[in-house]
Amino acid sequence: MLNIEITPNDNALLVSLGGRLDTTTAPDLEKRLSTDLEGVTSLTFDLENLDYISSAGLRVLLSAQKQMNQQGEMKVLHVGETIMEIFEVTGFTDILTIE
Amino acid sequence: MNQEKDIATRIVLSGRIDSTNAAATEHEIMNQISGREKQPIVLDMTDLQYISSAGLRVILRLKKTSPDLSLINVNPEVYDILDMTGFTEMMSVEKAYRVVSVEGCEEIGRGANGTIYRIDQDNVVKVYNNANALADIQHEREVAKLALILGIPTAISYDVVRVNESYGSVFELLNARSFSKILSSSPDQFDWCVKEFAEMLKKIHSTVVPAGKLPDMKEKVVSWAEFMKDHLPEASGQKLLALVNAIPHDDHMIHGDYHTKNLELQNDEVLLIDMDTLAVGHPVFELGSMYNSFVGFSEYDHGVIKKFQGFDFETAKAFWRASLAAYLGTNHEKKIKEVENKARIIGYTRLIRRAIRRNAMETDSGRAEIELWKSELIDLLAKTDSLLFTRNEVEIDALNENLPQVISFIEEHLDEVGCSPKIKMQIQIAAEEIFVNIANYAYRPDVGKASVRVEVSDDPLSVVITFMDHGKPFDPTKNADPDVTLSAEARDIGGLGIFMTKKIMDDVKYEYVDGRNILTLKKDIS
């Protein structure tokens, strides 16, 4: 189960994720972003309640980062220890702006 | 021709009926039934050797005047003619039972309801203990057919015969050897036998039976537990009944008498026989009866097993243990012991009840045997809280939508040993990557099965997860690692899964054996 909460604020978008971002749930997030990212210049992911991420989830973050590189900026907040380790192993700590 | 005084008019036909005597025969039959045409008519064909189409027309006309017509004791040649011409569909036609002698024949199996003899090179006969066994034979034939349709390789009897005062059913079993025979004559085949024996058991237990087709084993075991209440200390008796009652209904097949005499190797095919005990229920019921076959029956007098199976007690015990391990999909001694103890509770319950009902309490050795089983049972009941268990291996359609099932299966086994959330997540990530890989590529564009096995081993505490599929040979460990130092723009979407798996796990090993991709992941969890 993945909980997706999206809060728009002018050209900024806050995406709060909870639960599991995996092969079965990543397509949901991908679909939401494909419409909601239009015109957004500042994208923020809040991962405070995210328990699990697999490569399918990393792929969605990567393509969001690629898109935001074209149209603005993206940052990731509240990354827990276990997910941080996954970001480190995969080099995502260098790609993403983690605060 | 003569006529017997019966409710039905019985007419005996003998010799040949063809165009030379059909008219005369017809005339005589009509005379005999005159005035009772609408009553039941029985034609006894014991001595009828031949019937031509002229004769068949006589029967057809008789059927029109006397609709309640049946033919009995029809010999096989005449039966074939009646069958071919569709007469067997139009009226009741009962075959004559062939008489078979089993004198001097080799006994190849012995079960609860009968004994199996080899009557010639290609055929065996199962002689039923019950003299009035026609209903039993019919039952066994029906359940064997059901099993065959559901995918269990078995032999179906093609003929019913008379053997002395009993009935027998005849099966074709060419060049077949039972697993008991293989084990006792070729000890080097031990491992192969274990593998095949466990595979068949998994196959039986993964077969779902349509509702109402087979008896529910739980009902029977509940009645055993109720019987035992009078023969156990009160607390033990109550615990036993509560444990059995807590077993949920299960619509998967169990054989009911699964041991090495009931598994035959015919050429290269493994066949399950002796199907009359087929039922549905939780696999612990099956394991209980298996424990008895290999160990329980001979626990007091170790010599018993040799007479029954042909191999000794030590071999039987080793075979039971190895088969249980292979069936569960683990070599973890603690887990095997735990499941064995659950099986023993069912096993002893059955053994004690059986012995008491057979008046074993009247002999010294009988009493000693019951005492032994009873003290073990009371011991086990005191330390057991559930008779349920799960195997360490599941087979599942390799589809992405089944991922949650795979993950929760792995989680369940990790929870059994206690494992930090971080390690749990890492193992789940690796398992997801491998399973999804199989789902997306192994069988494309078809759908196939994947097996997942979770094993825990001690010292150091570690978990081994094995994925198996029959898809295209593919070694994911050979994938080139992505360059994780590249910028987002330069990074490819993909290739991360296998890389993460290799990073997260302590060991990732790929093999291709017997047409199967086998990927083994290992992680220290201490």
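## Close-up views of a predicted two-chain model

B:Ser178 has B:Glu264, a residue of strand 14 of chain B, as its bridge partner. Everything shown in these views comes from a predicted model.

**View 1. A small open sheet in chain B brings strands 12, 14 and 15 together.** Let us stay with the strands around that bridge. Strand 12 and strand 14 (residues 263-266) of chain B run antiparallel and are joined by three bridges. The sheet they belong to is open, has three strands in the order 12-14-15, and pairs them in antiparallel fashion. Which strands stand at the edges? They are strand 12 (176-178) and strand 15 (269-272) of chain B; each has a single partner strand, so one side of each is left without a neighbour in the sheet. On average, neighbouring strands of this sheet are turned by 30° against each other, direction ignored.

**View 2. B:Thr207 sits in a loop between two helices of chain B.** The loop lies between helix 7 (190-205) and helix 8 (217-228). Is B:Thr207 buried or partly exposed? It has 17 C-beta neighbours inside 10 Å, and a residue counts as buried only with 20 or more. B:Thr207 therefore counts as partly exposed. Leaving aside neighbours within four places in sequence, B:Thr207 is in contact with B:Leu150, B:Gly151, B:Ile152, B:His252 and B:Met253. Take B:Ile152 from that list: B:Thr207 and B:Ile152 are 55 residues apart in sequence, yet their C-alpha atoms are 8.4 Å apart in space.

**View 3. Domain 2 and domain 3 of chain B meet, with their C-alpha centres 23 Å apart.** To place them, the domain assignment of chain B gives domain 1 (3-96), domain 2 (106-172), domain 3 (186-382) and domain 4 (393-524). Domain 2 brings 17 residues to the contact and domain 3 brings 19 residues. On the domain 2 side, helix 5 (residues 134-149) of chain B gives the most, with seven residues. That side of domain 2 is made up of nine nonpolar, six polar and two charged residues.

**View 4. Chain B touches chain A through 23 residues of chain B and 18 residues of chain A.** On the chain B side, the elements giving two or more residues are helix 15 (403-417), helix 16 (421-442) and helix 17 (496-504). Helix 16 of chain B supplies the largest share, seven residues. Sorted by class, this side of chain B has 10 nonpolar, six polar and seven charged residues.

**View 5. Chain A has four helices and four strands.** Following the sequence, you meet them in the pattern β-β-α-β-α-β-α-α. The radius of gyration of chain A is 12 Å, close to the 13 Å that the globule rule gives for 99 residues, so chain A is as compact as a globular protein of that length. Its C-alpha trace spans about 30 × 30 × 20 Å along the principal axes. Of the 99 residues of chain A, 40% count as buried.

**View 6. Chain B, seen as a whole, has 17 helices and 21 strands.** Its radius of gyration is 30 Å, whereas a compact globule of 526 residues would have one near 24 Å. Along the principal axes, the C-alpha trace of chain B spans about 105 × 70 × 40 Å. Of its 526 residues, 38% count as buried. Among contacts in chain B between residues at least 6 apart in sequence, 68% join residues at least 24 apart.

How values were computed
Residues are numbered from 1 along each chain as its sequence is written. Chains are lettered from A and ligands numbered from 1 in the order in which they are written. This is a predicted model: local features need pLDDT of at least 70, side-chain atom pairs count only at pLDDT 80 or more; totals for chains, interfaces and linings use all residues. The radius of gyration is taken over C-alpha atoms; the globule rule is 2.2 Å times the number of residues to the power 0.38. A residue is buried if 20 or more other C-beta atoms lie within 10 Å of its own, exposed if 12 or fewer, and partly exposed in between; C-beta atoms are placed from the backbone. Two residues are in contact if their C-beta atoms, placed from the backbone, lie within 7 Å. Domain bounds come from an automatic or database domain assignment. Ala, Val, Leu, Ile, Met, Phe, Trp, Tyr, Cys and Pro count as nonpolar, Asp, Glu, Lys and Arg as charged, and the others, Gly among them, as polar. Two strands pair if DSSP finds at least two bridges between them. Axes are lines fitted to C-alpha atoms, for helices over the stretch in contact, and angles run from 0 to 180 degrees between N-to-C directions.
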